[in-house]
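Reader: I should be grateful for a close look at the strands of this protein, at how they are paired and at what lies against them. Please work outward from one position to the whole chain.

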Amino acid sequence: MRKKILWISQLIMAVVLLIYALLSTQVFYDNLIDAARGALKIYMNLFDENDYSLDQSGADGFSGQLSGLRVTFIDTEGNVLADSSKEDLGNHADREEVRLALSEGEGYAVRRSSSLGEDMIYYCRRFSPADGEDYLVRIAIPTSSEWQVFRDTLPTIGWFLLLDFLVCLLFTYLGTEYIISPVRRLAKDASLNLKLTTRYPELQPIVDVLNKRNSEVSEQFRELSEEKDLVEKAQRSKNDF
């Protein structure tokens, strides 16, 4: 019984911890993305079109100011003018952040970069200089995926499960001992043919059955004793005769 209670409680706690980990991972990931978006917007405010040309040197210079963040300059047709990663990226007109920047002035996107092979958060803003053509500036920073965030929590979940096992082991032993002791006492009293009582309503049906059974057994013993006395009396009368 104790083992069954222990393993059931462990299973319940493991499922609860897993659900909690999944939900908390989603919340943490959403907060992480929101914080990164805010940071990218602040970084973008540092861009001054008078300080950087829309070529490789300008992209490298702005990236250096941002401690190495990826910077991309794009024209309004989606063509990459320069990229601090020095990748030949072609046309970006189909990228979500670029489409949003072209239509709404700025755009965010979170996806895996095919050129860098890691998850990135992109922020793109459209600039409209007074004496030139519009262009886009995009900043990107690497981020963890939801799976990576969840994977990072697995060691913590493992320690919680170990602690949970030890706590459940202790409380299962104490709890089952508390539950079983009244039943054990009833069994002992019933074996001694004592009148059974209990202060636990849940055990009252068992007490009633055992008391009834003991009463029936006592009655049977009484009847057997009376029959034995009658037989012995008859035997003595026969011998006297």
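**The sheet and its surroundings**

Author: Within β5, Arg 138 is the residue that serves as bridge partner of Cys 124. The model under discussion is a predicted one. Cys 124 belongs to β4, where Gly 107 stands opposite to this cysteine. A further position of this kind is Tyr 122, which faces Ala 140 in β5.

These single positions belong to two longer pairings. Strand β4, residues 119-127, runs antiparallel to strand β5, residues 135-142, and 8 bridges join the two. Between β3 and β4 there are 7 bridges, again in the antiparallel sense. In general, strands of a sheet pair through backbone hydrogen bonds, and they may do so in a parallel or an antiparallel way. Strand β4 is also mostly covered, since 8 of its 9 residues count as buried, a class reserved for relative accessible areas under 20%.

The complete sheet is open and has 5 strands, arranged in the order β2-β1-β5-β4-β3 with antiparallel pairing. Its edges are formed by β2 (80-83) and β3 (106-112); each has a single partner strand, so one side of each lacks a neighbour in the sheet. On average, neighbouring strands are turned by 20° against each other, direction ignored.

Two helices pack on this sheet. Helix α2 touches β1 (70-75), β2 and β5, and its direction makes about 145° with that of β1. Helix α3, residues 96-104, touches β1, β3, β4 and β5, and its direction makes about 175° with that of β3.

Ser 63 offers a view of α2 at the level of one residue. The serine is found in that helix, which covers residues 56-65. With 7% relative accessibility, Ser 63 counts as buried. Leaving aside residues up to four places away in sequence, Ser 63 touches Gly 68, Leu 69, Val 71 and Ser 84.

Charged side chains add further links. As a general principle, side chains of opposite charge can pair when their charged atoms come close. Across the whole structure, 6 salt bridges are found. One of them joins the side chains of Asp 83 and Arg 70, with an N to O distance of 3.3 Å. Because Asp 83 lies in strand β2 and Arg 70 in strand β1, this pair ties together parts that are 13 residues apart in sequence. Asp 83 is buried, at 2% relative accessibility, and Arg 70 is likewise buried, at 7%.

Another salt bridge connects the sheet with a helix. Arg 111 pairs with Glu 97, and their closest N and O atoms are 2.6 Å apart. Since Arg 111 lies in strand β3 and Glu 97 in helix α3, the pair links parts that are 14 residues apart in sequence. Glu 97 counts as buried, with 0% relative accessibility, whereas Arg 111, at 22%, is partly exposed. Arg 138, the bridge partner of Cys 124, returns here: Glu 97, Arg 111 and Arg 138 are linked in a network of salt bridges.

A salt bridge is also formed by Arg 95 and Asp 94, whose closest N and O atoms are 3.8 Å apart. Arg 95 is partly exposed, at 24% relative accessibility, while Asp 94, at 56%, is exposed.

The wider setting can now be added. The protein contains 5 helices and 5 strands. Read from the N terminus, its elements follow the order α-α-β-β-α-β-β-β-α-α. Of the 241 residues, 30% are buried. Considering contacts between residues at least 6 apart in sequence, 48% join residues at least 24 apart. The accessible surface amounts to about 15800 Å², with 59% of this area belonging to carbon and sulfur atoms.

Part of that surface is a nonpolar patch made up of Phe 160, Leu 163, Val 167, Leu 170, Phe 171, Tyr 173 and Leu 174, with about 720 Å² of accessible area together. Tyr 173, one of these residues, is found in helix α4, which spans residues 146-191. At 46% relative accessibility, Tyr 173 counts as partly exposed.

Definitions and conventions:
Residues are numbered from 1 along each chain as its sequence is written. This is a predicted model: local features need pLDDT of at least 70, side-chain atom pairs count only at pLDDT 80 or more; totals for chains, interfaces and linings use all residues. Side-chain values use heavy atoms; hydrogens and water are left out. Helices (H or I, at least four residues) and strands (E, at least two) are DSSP runs, numbered from the N terminus. Buried means under 20% relative accessible area, exposed over 50%, partly exposed in between (1.4 Å probe, protein chains only). Contact means heavy atoms within 4.5 Å. Two strands pair if DSSP finds at least two bridges between them. Axes are lines fitted to C-alpha atoms, for helices over the stretch in contact, and angles run from 0 to 180 degrees between N-to-C directions. Accessible areas come from the Shrake-Rupley method with a 1.4 Å probe; for residues, only the protein chains shown count as cover. Patches are made of residues with over 30% relative accessible area and no salt bridge: like charges are joined within 9 Å, nonpolar side chains (Val, Leu, Ile, Met, Phe, Trp, Tyr) within 5 Å. A salt bridge is a side-chain nitrogen of Lys or Arg within 4 Å of a carboxyl oxygen of Asp or Glu.
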